[in-house]
Amino acid sequence: MDLNSIYTQLIMEHNKSGHNKRALCNPDVCERGHNPSCGDDITLELKLNGNIIEDASFEGVGCAISQASTSMMIDLIKGKTVDEALEMVEKFLGMIKKEITDEKELEKLGDSIVLQNISNMPARVKCAVLSWHTLKEAVS
Amino acid sequence: MLNFDPEKLKKDFPIFNQEINGRPLIYLDNGATTQKPNQVINEIRRYNETSHGNPHRGAHQLSIRATEEYDNAKEKVKSFINAKSIEEIIFTRNTTESLNLIAYSYGMEFIKENDEIVIAISEHHSNIIPWQKVAKDKNAILKYMYLDEEGRIPIDEIESKITSKTKLVSIAHMSNVLGTIHPIREIIERAHELGAVVVVDGAQSTPHIKVDVQDLNADFYVFSGHKMLAPMGIGVLYGKKELLENMPPFLTGGDMIEYVYEQDATFAPLPFKFEAGTQNVEGAIGLGAAIDYLQSVGLNEIEKYEKFLVEYALNKILDIPYVNIQGPKDLSMRGGIISFTIDDVHPHDISTILDSYGVAVRAGHHCAQPLMRYLELPATARASFYLYNTKEDIDQFIEGIKNVRKWLGYGS
């Protein structure tokens, strides 16, 4: 395993920047996601305008992978419709399960594409997918 | 001076004949499970190749041999913890099953409404949840002893929580998170004065320090084989004979009976009353071999050596400003476990990064969520030592620790 393929520059930036880590004013949806075995614990907050995700943020604690993955996901879904966001979730989970490998397909995932290598690290997969599962729970 | 050479002893453990990520395997997750020496692996193989049968059931050679070997393993456990007789030694799957047996059999029978059960906030979930269940079902009260800032149970906490209302105290001999060796002698004395029984969770202590159940005067003492060089799936419940005799069976079925009628049954004498169904015979034999191995080194020697390792590691860690240590600073109160955090880095990342240096440590809440909440920590990383670890292992561990922050983009 090459640590450089896991702790990439982009993941580090998202982990440290915290630009999506804040409380929303009167969110429409608050969904808590938790990995009981390792202690990742996030709350995803969404502000909806009809079917559009107008704003999104998260709070909580977790490892660099879970924090970065959450932040990248939020960048991606802001301004999208709920259905588009759910499509992204499926794409991301497909990438992690190695079911989707076509690069053109994956480009739509924005920064999150750097988490592709996590699929080689079984112990960390649940950190990467936590926020995506949480989003699915939140809007389904 | 040590009477054994850890470097040489390590060669008994074939798992170390491999590299992890291009480096020698440094195994510091002994609090979770330990590795097996050839002496244990070969003994299980010998049993399977020569003596495997179902004990206590047949008149044929293999059943007789399996019975002898199973009983012989129990005899070894008896001597190892200095129980009075093998009637007091029940084989279970693990510490968790032993604790559940006590909770469901002793707890459900003898704990009554408004009785108090006392445990410590540092307990493993396996020593919390069974007592929650008893407390809920019997309308009893579950009380916690809290720790001081160094992870110790203060004497006044023992005195204020264990009272004449207390019917049962259940406490880990050594904390699996903090490494604290709790004052169980004082706890047992206090509880006995007030008429309460004491269950000691010996999962972390039995592999590492000499345990004498008669000297401690513990009513119940439980531990797992797989944390002391034996296979997974074999555990031990020690109980004083007079307590076990008055307890109803936990699991029922084959081998634990005397006479079975259409509507009723009578039960086998101790220890078989608590051993329903075919047991893990090869696990028991592996445990017997593990005990032989540990005794050939000597528990006092092992304890002394682990103290040396902890002191060596702590001295180096305390020099690193961004590493924070949990648990007692006084070495006489701690075993071979170091729980730590690194500023700005989640323990799960610590574990992944150390793994790339070949170093195996545990990260998470260590099955002790109430303790984590009490310490206001989401998780810690934990290094736990055993007799095959060396100074060089710790050097590599420290080298890894010094590199952790760099990988996450922090200066040092």
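Axes here are lines fitted to C-alpha atoms, and angles run from 0 to 180 degrees between N-to-C directions. I note this before looking at how a helix lies on a sheet.

**Entry 1. Confidence**

I am working with a predicted model. I looked up its scores and found ipTM 0.88 and pTM 0.94. Chain B averages a pLDDT of 96. In chain B, 100% of the residues score at least 70.

**Entry 2. The first helix on a sheet**

I went to helix 7 of chain B, residues 184-193. Helix 7 lies across strand 7 and strand 8 (197-201) of chain B. At about 170° to strand 7 of chain B, helix 7 runs in nearly the opposite direction.

Next I traced the sheet. It is open and has seven strands of chain B, in the order 4-10-9-8-7-5-6. The pairing is mixed. Which strands stand at the edges? I found strand 4 (89-92) and strand 6 of chain B there, each pairing on one side only. From one strand to the next, the twist averages 20°.

I checked one pair within chain B. Strand 5 (residues 116-120) and strand 7 (residues 166-172) run parallel and are joined by four bridges. I picked out B:Val118, whose bridge partner in strand 7 of chain B is B:Val169.

**Entry 3. B:Glu150**

From edge strand 6 I moved on along chain B. B:Glu150 sits in the loop between strand 6 (141-145) and helix 6 (155-161) of chain B. Is B:Glu150 buried, exposed or partly exposed? I read 15 C-beta neighbours inside 10 Å, so B:Glu150 counts as partly exposed.

I then looked for its contacts, leaving aside neighbours within four places in sequence. B:Glu150 is in contact with B:Gly327, B:Pro328 and B:Lys329. I also took a distance to B:Thr67. B:Glu150 and B:Thr67 are 83 residues apart in sequence and 47 Å apart in space, C-alpha to C-alpha.

**Entry 4. Two domains in chain B**

I looked up the division of chain B. Domain 1 covers 6-30 + 298-407, and domain 2 covers 41-295. Their C-alpha centres lie 28 Å apart.

How many residues of each domain are in contact with the other? I found 25 residues of domain 1 of chain B in contact with 24 residues of domain 2 of chain B. On the domain 1 side, helix 11 (299-317), strand 14 (337-342), helix 13 (369-375) and strand 17 (380-384) of chain B each supply at least two residues. Helix 11 of chain B gives the most to this side, with five residues. By type, the domain 1 side divides into 11 nonpolar, nine polar and five charged residues.

**Entry 5. The four-stranded sheet**

Strands 14 and 17 led me to another sheet of chain B. It is open, with four strands in the order 13-14-17-16 and antiparallel pairing. Strand 13 (323-325) and strand 16 (362-364) of chain B each have a single partner strand, so one side of each is left without a neighbour in the sheet. Neighbouring strands of this sheet are turned by 30° against each other on average, direction ignored.

I looked at the middle pair. Strand 14 and strand 17 of chain B pair over four bridges. B:Ser339 stands opposite B:Arg382 in strand 17 of chain B.

Helix 11 of chain B came up again here. Helix 11 packs on the sheet, touching strand 13 and strand 14 of chain B. Its direction makes about 15° with that of strand 14 of chain B.

**Entry 6. Helix 12 of chain B**

Why does helix 12 (residues 347-356) of chain B count as largely enclosed by the rest of the structure? I found nine of its 10 residues buried, so the term fits. Among the buried residues are B:Pro347, B:His348, B:Asp349 and B:Ile350. Just after helix 12 of chain B, B:Gly358 takes a positive phi of about 80°.

**Entry 7. Chain A**

I turned to the contact between the chains. Here 17 residues of chain A are in contact with 15 residues of chain B. Helix 1 (3-6), helix 2 (9-17) and helix 6 (122-139) of chain A each give two or more residues to the chain A side. Helix 2 of chain A gives the most, with three residues. The chain A side divides into 10 nonpolar, four polar and three charged residues.

Last, I looked up a hairpin in chain A. Strand 2 (residues 40-49) and strand 3 (residues 52-61) of chain A run antiparallel, joined by nine bridges. A:Leu44 has A:Phe58 as its bridge partner in strand 3 of chain A. The hairpin has two residues between the strands, and A:Gly50 takes a positive phi near 65°.

Conventions
Residues are numbered from 1 along each chain as its sequence is written. Chains are lettered from A and ligands numbered from 1 in the order in which they are written. This is a predicted model: local features need pLDDT of at least 70, side-chain atom pairs count only at pLDDT 80 or more; totals for chains, interfaces and linings use all residues. A residue is buried if 20 or more other C-beta atoms lie within 10 Å of its own, exposed if 12 or fewer, and partly exposed in between; C-beta atoms are placed from the backbone. Two residues are in contact if their C-beta atoms, placed from the backbone, lie within 7 Å. Ala, Val, Leu, Ile, Met, Phe, Trp, Tyr, Cys and Pro count as nonpolar, Asp, Glu, Lys and Arg as charged, and the others, Gly among them, as polar. Two strands pair if DSSP finds at least two bridges between them. Domain bounds come from an automatic or database domain assignment. pLDDT is the predictor's confidence in each residue, from 0 to 100.
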